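Colleague: I would like to go through the labels used for this protein and ask what stands behind each one.

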Amino acid sequence: MKEQPSKQQLIRRLHTLRGIVGMSQDNYYDMLESCGAESSKDLDVEQLEKLCRFLAGMCDKGTEQAERLRRGLLRAVCQFCQRTVDGWDQMPDDIRIAYAKGVACRAAQVGQNHFNRIGNDRLRSLTFAFSKRAKDMDGVLAAAMDILAISN
């Protein structure tokens, strides 16, 4: 039978989950207040377990959202690279994905191979930037073709 975590372990877990979720201090104290406590030390083990389950559920939802945002960014970077990198279509899929992740990491100014550390807000803004750049490049190419057609 699994041993029940101590109150101190649950308090540590609660604070860790709060950080992962990104809950503000005000929201955290509102949550504690809703349980009739001013501090996590005022909660009993059952209340701490309940709050930890609640925050863990929020982490799972955040993880799903982050995965969707990461896939969206990779799609946008791949579309951008398809227009700018010679031989993009001839590269194997695993090489293209690694290249796109490297481009995204560089754009996000996180270390190479730290793609999963890019925050959700940054994922959104980079997806928009790469999508916009790809569309801008299509417009520029179309305008260039029009100019070439007129000059001939």
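The questions below take up charges, burial and contacts in turn.

Modeller: Before you start, this is a predicted model, in which local features need pLDDT of at least 70 and side-chain atom pairs count only at pLDDT 80 or more, while totals for chains, interfaces and linings use all residues. Residues are numbered from 1 along each chain as its sequence is written, and side-chain values use heavy atoms, with hydrogens and water left out.

Colleague: What makes the pair Glu-67 and Arg-70 a salt bridge?

Modeller: The closest N and O atoms of Glu-67 and Arg-70 are 2.7 Å apart. A salt bridge needs a side-chain nitrogen of Lys or Arg within 4 Å of a carboxyl oxygen of Asp or Glu, so the pair qualifies. Glu-67 and Arg-70 are three residues apart in helix 3 (residues 45-84), and therefore separated by about one helical turn. Helices here are DSSP runs (H or I, at least four residues), numbered from the N terminus.

Colleague: Why is Arg-70 called buried, and Glu-67 partly exposed?

Modeller: Buried means under 20% relative accessible area, exposed over 50%, and partly exposed in between (1.4 Å probe, protein chains only). Arg-70 has 11%, so it is buried. Glu-67 has 33%, so it falls in between.

Colleague: How many salt bridges does a search of the whole structure find?

Modeller: The search finds three. Another one joins Arg-96 and Asp-93, at 2.2 Å from N to O. Both residues lie in helix 4 (residues 93-108), three residues apart. Arg-96 has a relative accessible area of 18%, so it counts as buried. Asp-121 and Arg-124 also form a salt bridge, at 3.0 Å, and these two lie in helix 5 (residues 120-151).

Colleague: Are Asp-121 and Arg-124 buried or exposed?

Modeller: Asp-121 has 62% relative accessibility, so it is exposed. Arg-124 has 37%, so it is partly exposed.

Colleague: How do you know that Arg-18 has no salt bridge?

Modeller: The nearest side chain of opposite charge, Asp-26, is 8.5 Å away from Arg-18. That value is not within 4 Å, so the pair fails the definition. Opposite charge is meant as follows: Lys and Arg count as positive and Asp and Glu as negative, while His and the chain ends are not counted. Arg-18 is buried and has its place in helix 1 (residues 7-21).

Colleague: Which residues does Arg-18 touch?

Modeller: Not counting residues up to four places away in sequence, Arg-18 touches Met-23, Ser-24, Gln-25, Tyr-28 and Leu-55. Contact means heavy atoms within 4.5 Å.

Colleague: What makes Leu-51 a buried residue?

Modeller: Leu-51 has a relative accessible area of 8%, so it meets the definition of buried. Leu-51 lies in helix 3. Leaving out residues up to four places away in sequence, it touches Leu-14, Met-31, Leu-32, Cys-35 and Leu-43.

Colleague: Why does Gln-109 count as exposed?

Modeller: Its relative accessibility is 70%, so Gln-109 is exposed. Gln-109 lies in the loop between helix 4 and helix 5. Its phi is near 60°, a positive value in a residue other than glycine.
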